[in-house]
Structures are given as C-alpha cells and as structure tokens.
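Dear colleague,

I am handing over the structure we spoke about, and below it you will find my notes on what turned up when I went through it. Please read them with the coordinates open beside you.

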Amino acid sequence: MNTSAQLLEYAVEGFFDEMFVEDGGLRARPHYQMIHDRLNRLTQEEIMERRQQADSSFLERGITFTVYGEEGGTERIFPFDLIPRVIPESEWRVVESGLKQRIIALNLFLNDVYHEGKIIKDGVVPEEVVRSSRHFRPDMSGFSVPREVYLHVCGTDLIRDDQGNYLVLEDNARCPSGASYLLENREIMKRAFPQTFGGMSVRPVEAYPDLLLRALEYLAPRDSQKPVCVLLSPGVYNSAYFEHTFLARQMGIEIVEGKDLICLDSRIFMRTTRGLVQVDVIYRRLDDDFLDPSFFRKDSLLGVPGLMNAYLSGNVSLANAVGTGVADDKVTYAYVPDMIRYYLNEDAILQNVPTYLCWRDADRSHVLENLEKLVVKAANESGGYGMLIGSDSTSEQRENFARLIRANPREYVAQPIVSLSRHPTFCQEGICGRHVDLRPFVLYGEDVEIVPGGLTRVALRQGSLVVNSSQGGGSKDTWVLKDF
Amino acid sequence: MLSRVADNLYWMARHIERAEGMSRMIQVRQGLALEYAHNEEQLELFWEPLLKALCAEWACESGEPAGRVVRNLIFSEAASGSIFSSISLARENARMVRDQLSEELWVELNNAYLFFRSGEAEDLYRQGSHQLLEKVIRFSLVFQGLSDAAIPHTEGWRFLSLGKYLERADLTCRMLNTLNLPAKRPTRADLMSVLRGCVALSAYREKFHGNLSLRNVAGFLLFSKSFPRSVRFCLEHTDRNLHAISEVPAGNFSNEAERLTGAALARVNFTDLDNVLEKGLGEILLELQSTLTKIGQEVFETYVLLPSEIKSLEKRLLVERQEQASQQQ
C-alpha cells in the first residue's frame, strides 16, 4: 500500500493531531501542506531507501545509546521517524518566550534558595519542600556561582493537550541529554528530503554547539587566555557516551573522564601528553553525587577528588552548577508559576500540568482515591522510571504505588492524564497517529538562547504515552517555519 | 592529546602485536613438536624453553598434560598473555578511545573479539589449530595495514607505533632466548623455528644463502638494519616515534625514554657480534629486554603519569601562593 492510500485511512480519533484537523474530512494544517503533498507522492521504495539511509547514518556516526542489562551493553540506534514535526514561527515565538521566562525564574529561585531564601521567608515556597529535596545541596549555601547562572543547559519537556495548548511536563535541570539527536536528525532530514526542506524555510539548528561553547566560555574564571573547556563524561559504559563524544567533537573540546583530571592546590588540571593543562570550565555530564568522591559519594570512581574544593574556591566553573537538582524536583515544579509571579511579576506564559502534591493531606487522599485516573510520578526519577499511568495499570500496581505514596508522600506527585497530541508516524501497519512531546534545549550564557524547535520524541507503541528512549520511544526532526 | 588516550592506543597496539607473536611461536613450535616430541615427557621438555622465554609457565601447570599447552596459550581467559586475553585487552583499550579510531579499525578488532567470545574460535581450533592461528595473524596484519593507511599519522599514531615496535623488539628477544640453552647447542630445527617465528626465513636465506648457524641467526635478528623484526630496526623506529612525539631533534633527549632508547640503539649499532657470542647470547638479551621494559615504563611516566610535572607544578603553585600571601600582608 502506498503512502497516499495510507493517508486516506488515517484517523485522528479525537486527539489533537499535529498535522491534521478533522472537519467533515481530513485536512492538513496549512503549515503541514507541503509535507502532506510530499507524503502523497512518496512510494514504498522511497520510504525503504530513506529509512535505510537514516539508520546507517546513525550507526556510522556512532549516534547510538547503550541498552543496559545485556552482556557487555548493546548499542542501539534511537529509532527515527521520517515525518517531521512542524511548528509555525508564530506559535514558536510564544513557546520561546515562555521557556525564557521559565529558565530565568528557575535560575533566580536557585540563587535565592542558596542565599537569603526570600521566597521561603515570604511564604511562597515552603522551606520543607526545598530542604527535603533529594538534590538540595546545603554545601552550596552562600556560594556565589560564576555570573550568577546555575542552569546553563535546561531540557524542558513540553506536551500539548487535547486543545493544542503547550504545557510544561517537567524541567530537566541536571544533565539533560538528547541534543545530539536534535542535530543529527536535522542532517538526515536535509539529505532525505532536500527539496521539501528547502521549500519550507526551516529555521536552522546547527548553531547549538557554538552557542553551548559560548555559554561555557562565559563562565571561565581566568580571563587571561582562551578558556580551556572540557566535557566530563562518566565514560564509555554510560548510555549517553556517544552524545558526549558527539558534542565534544562538535565544540572542539576534549572529552575527559574523572581520571584524566587532577586537583592540585584547588585547581583542576588535565593530563595530556604535553603535560598538565589547567581547566577553566567543565561541562559535566555526571550527576552531583559522582563529581567528587572526597565530597559526595565516597564509592564513586567516576569523579575527581578535590573538584568541589576547586569549584568552591572559584578556580573552575561547572555547568550546570552543583545543586540544580532542587529545580527539577517534581514537587518544586508545581511552584514554578508562583516563582514566575514572585520574581518577575508576570504570569506564566507556559502553563503547568495541574499537580497534586502527595505530602499535602488533601491532595494525598484525592490521589489515593483516584489512582486510576491519574499519572503518579516519583519526584526525583527521570527517564520514565518510577511512574504509574493509572488508566493503564493493574490493581496490583496501583496497590503498590498506594503503599509507596503512604510510606513517602514527599517523594510522589500526581497529575491528571493529559491526552498528548499525536503525530502521523510510520508504523508497521502504515501511517498512524502516535503521541509526541517536545524537548527544547534552553541555554543560559550571557543571554538565554534556544535553537528553534527541539527534540520531538514519539511513543512508537500504539496508545503509549511514554516517549523516553529507554521505554521504546523514538524521535523526529522538528521544523520551525519562518514564514508561518 | 589526553594522556589516557595515548596510553590506550599504545597498549592496543602492544596487545595485538603480542597476539600475533604468540600465534607465530605456537605455530612454529607445534610443527616441530610433531617431529621431535613423541611422548608426554619429551613434549614437556620440548615446550619448556619456549614457555620460559614467554614467561608463560602457567600454560603447563603441574599435573596437566603437556598436550593442553597449546590450548591454554590460545584460550586461557585468566592468564594475561594468552591470545584471547591479548585480543580482549586490545578491544578494551580500543573501546576507551573508540571515537579516535577509524570505524574500520574498530569493526575489525571487535570482530576478532567476537570470534573468540562466540565460540567460533573453539570450533575452528577443533578442526586444527593451524587455521585458527593463521586467522589471528591475518587479523593482526589487517589491523596494522589499517592503522597505517586509515588514520592520520599524528601523535596518536605515533603512540600506536611505539607500542607495536617495543612489543615486537621484546618478542624477537624472547624468540632468541629459546636458543640460549645452558646445556645444549641449538639444533638446526631450533634455529629454523626461531627464524620462522620471526617471519625471517626467506629474508635470512636471501642474505646467507641457507648457511644456517647460531652466529648468523643471532646477528640477523639482533642487528639487521633493514629487517622489520630485528631488534635494531625496532629500536630505530621506537627512537623515531619518541622524537616525533616530543619534537626534540634526534640525537638529543628530553626524557628518560628517549635517553634509554638512544643508548640502546647506540649499543646495537656498535656491538661486535663475536664479542656478544663469546659472552653468551643470554647476556645481551637480558640487557636488551630489561632496557625495553624500562623504556615502556618511562613512556608511561613521561606521558601518562606525569609525576615530575605534577611535582614541579605543585612547587610553583606553592611559591605563587606564598607570594600572594606576603603581598596581602
């Protein structure tokens, strides 16, 4: 069956569809018109050929991730879908200003809780919430981070509800990953559909590595010379290792592991064949806990003994700063609209998903009575782990979560199940609607910069709402159109 | 270049060279064993000098039949030095620096590893060890070809070459050591096997027209200027690579590794063969091998461990801090 026939059978099924509106018949939205036309002309052979090109390109360039639990760790490519997600410029402008507003507020919040704690004193965010956050670092209290920026890279996950409203699902404020896919997806799409791409004035994303490097260099403590920036990776066994090498290569900086660095007199040096080279900025893709075994986890072999000391002495900068995890706690998340009002005196441009905080008695009893209708999330997990989707759960799973919530209410939040927007996607049975989200990467250096769009993740399993790569998700290229 | 990367490249090349050398030695000795060792006792005596030279006595532990020696030398997972363990270690080194290697190089090495891991190697061994060893040798040759033809000859490649030549010089010494027997003159078969093990048979024949003697064999494998497995040739290339890395002109030295290599090179360049044989082959081999080990250690100290660099920097930082403190007062 060719694609035009597949499109005739496509059904929106009551969801908000990114490409189609249903009014009597199926109609492509104006900004999808060219893609719709191209799909109608696509033959089965072309699809096969383009897909093969895409897959081998990922493999050749080493854009793979490691699946744990298999012997030696198996490298897989992150499944890629050839139908791009399109966002008109007018829509993107709103999203962009919402993201900027959000990162500025989150950053002010971090600066505040590690200094005077005004927001706590003024009763906007309870002290208990901040102090009990698993990633709150008392050691950072009173320390002034370089340029007062904590969050240099933030991956904010956006979803769209059944009305097409953009909502923030979560802020990934520690070590968000996925930017390499964003860049690579674009390269592949340009090669696969050059004419369609060329005809649509898509805003470019290739500046990301440069913008990231500039944000890093902005933090350099020594201004006497060109700053030495490095990317600190947990090493080859980490699932995101290839993203680390990809970004390091694109930025032209060294990718280092803990054992490549040595701390002397509260300064950090890297061991090279030309001797020791002092490091100014570390883009670390390692969680706080593993950074410095003499400070945090004693059993960690990944970090650099003495690093925290060098950091707190101001001789080396870290991006992101230590202690940003308190901003990506899912309980903190519920307070972000209040933060925006408090610090910026503005209303949040991007809405949150309504969130029940289980440590509040009223919220908890509501959650426990309505588990079937809610999504329950552990406040400090990521990657789609520690999650219960009520409508898709067994009574056993619900009982288990009820137990967990009662035992540790602070660590759980719940949200109504949002029916995520869907996007036409190549599947086994033809072109079908699959749920998508969007992860833009927000960079905070001298200014806040966001490359247009972000990584669109798609839940490839029918009906699934979980888009994480570790849970059977794939990705799409995201096109922000200048002329719409 | 990061020290860790240099170290991994160096060891990757060493381990592969080691796997090839081991394969060649087993091949040769095994061929001879068929002719000269007819029972368990003879077999044990026959393998003993080789195992000693390789520091591989683990392959023939007491109680185990000598017939298992070959199997152990190829497959033992526990002992470092077996072919399988050398390939595993090389792959592990490669994995640490995969982004620095050409894709072909990695695929080749990974396939060699998977060939052993999957049991295919065992199957082939059961059909005859000769084919298996041939395959390992071929793999090493492809790897060398790729590393010369598919990656830029910059610093990283220099470390690869360094590993290869140091290991090769060491292997040639070990081969010669099998001729250094206290109680007995090496037989014709012993000499032949050493030449074969160093892939030197046809080059040797060309030079000496089949005149097989300990004097000629030792002279050739120690001092040949042009044969790529002679100790002299390997030292010369070690010297070149070290100077290319430090960018210090040849004839000078900027670190211990360079000094030791230069001294050893002068020694093999200006040694009189008769003198060597008079004192016994063992003496010069012992000296060369211990120098080779020291060169390897010094490469590690100079480019990876950096102890003197760390010490002098610590001193400088201390002085800086004291100066700052005195100014503040």
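**Three loops in chain A**

A:Ser266 counts as partly exposed, because there are 18 C-beta neighbours inside 10 Å. Please keep in mind throughout that this is a predicted model. A:Ser266 sits in the loop between strand 10 and strand 11 of chain A, and although the residue is not a glycine, its phi is positive, near 60°.

A second residue with a positive phi is A:Glu13, where the angle is about 55° and the residue is again not a glycine. A:Glu13 lies in the loop that runs between helix 1 (3-8) and strand 1 (20-23) of chain A. A:Glu13 is exposed, since 10 other C-beta atoms lie within 10 Å and a residue with 12 or fewer is classed that way.

The third loop holds a cis peptide bond, which joins A:Ala319 and A:Asn320 with an omega of about -10°. A:Asn320 belongs to the loop between strand 14 (317-319) and helix 13 (330-333) of chain A.

**Chain A as a whole**

Chain A contains 16 helices and 25 strands, and its C-alpha trace spans about 70 × 60 × 50 Å along the principal axes. A compact globule of 484 residues would have a radius of gyration near 23 Å, and the 23 Å of chain A agrees with that expectation. Of the 484 residues in chain A, 48% are buried. When contacts between residues at least 6 apart in sequence are considered, 68% of those in chain A join residues at least 24 apart.

**Strand 19 and its partners**

Strand 19 of chain A, residues 412-416, is mostly covered, with 4 of its 5 residues buried. Strand 17 (residues 374-378) of chain A pairs with strand 19 in the antiparallel sense over 5 bridges, and within strand 19 it is A:Gln415 that stands opposite A:Val375. Strand 16 (residues 356-357) of chain A also runs antiparallel to strand 19, pairing with it over 2 bridges; here A:Tyr356 has A:Ala414 of strand 19 as its bridge partner.

**Where the two chains meet**

The contact between the chains takes 18 residues from chain A and 20 residues from chain B. On the side of chain A that touches chain B, the elements giving two or more residues are strand 9 (254-256), strand 10 (261-264), strand 11 (267-272) and strand 12 (275-278). Strand 11 of chain A provides the largest share of that side, with 3 residues. By character, the residues on this side of chain A divide into 6 nonpolar, 5 polar and 7 charged.

**Helix 2 of chain B**

Helix 2 of chain B covers residues 40-53, and at 1.5 Å a residue its 14 residues should span 20 Å, which agrees with the 21 Å between its end C-alpha atoms. The helix nevertheless has a kink of about 30° at B:Trp47, shortly before the proline B:Pro49. B:Trp47 is also one of the buried residues of this helix, the others being B:Leu50 and B:Ala53. What covers these buried residues includes helix 1 (3-36), helix 3 (69-75) and helix 8 (155-177) of chain B. After helix 2 of chain B comes B:Cys55, which has a positive phi, near 55°.

With best wishes

Terms used
Residues numbered from 1 in each chain as written. Chains lettered and ligands numbered in written order. Predicted model: local features only at pLDDT ≥ 70, side-chain atom pairs only at ≥ 80, totals over all residues. Expected span 1.5 Å × (residues − 1). Bend = angle between axes of the 7 residues up to and from the residue. Buried ≥ 20, exposed ≤ 12 C-beta atoms within 10 Å, placed from the backbone. Contact = placed C-beta atoms within 7 Å. Nonpolar A, V, L, I, M, F, W, Y, C, P; charged D, E, K, R; others polar. Rg over C-alpha atoms; globule rule 2.2 N^0.38 Å. Pairing = 2+ DSSP bridges.
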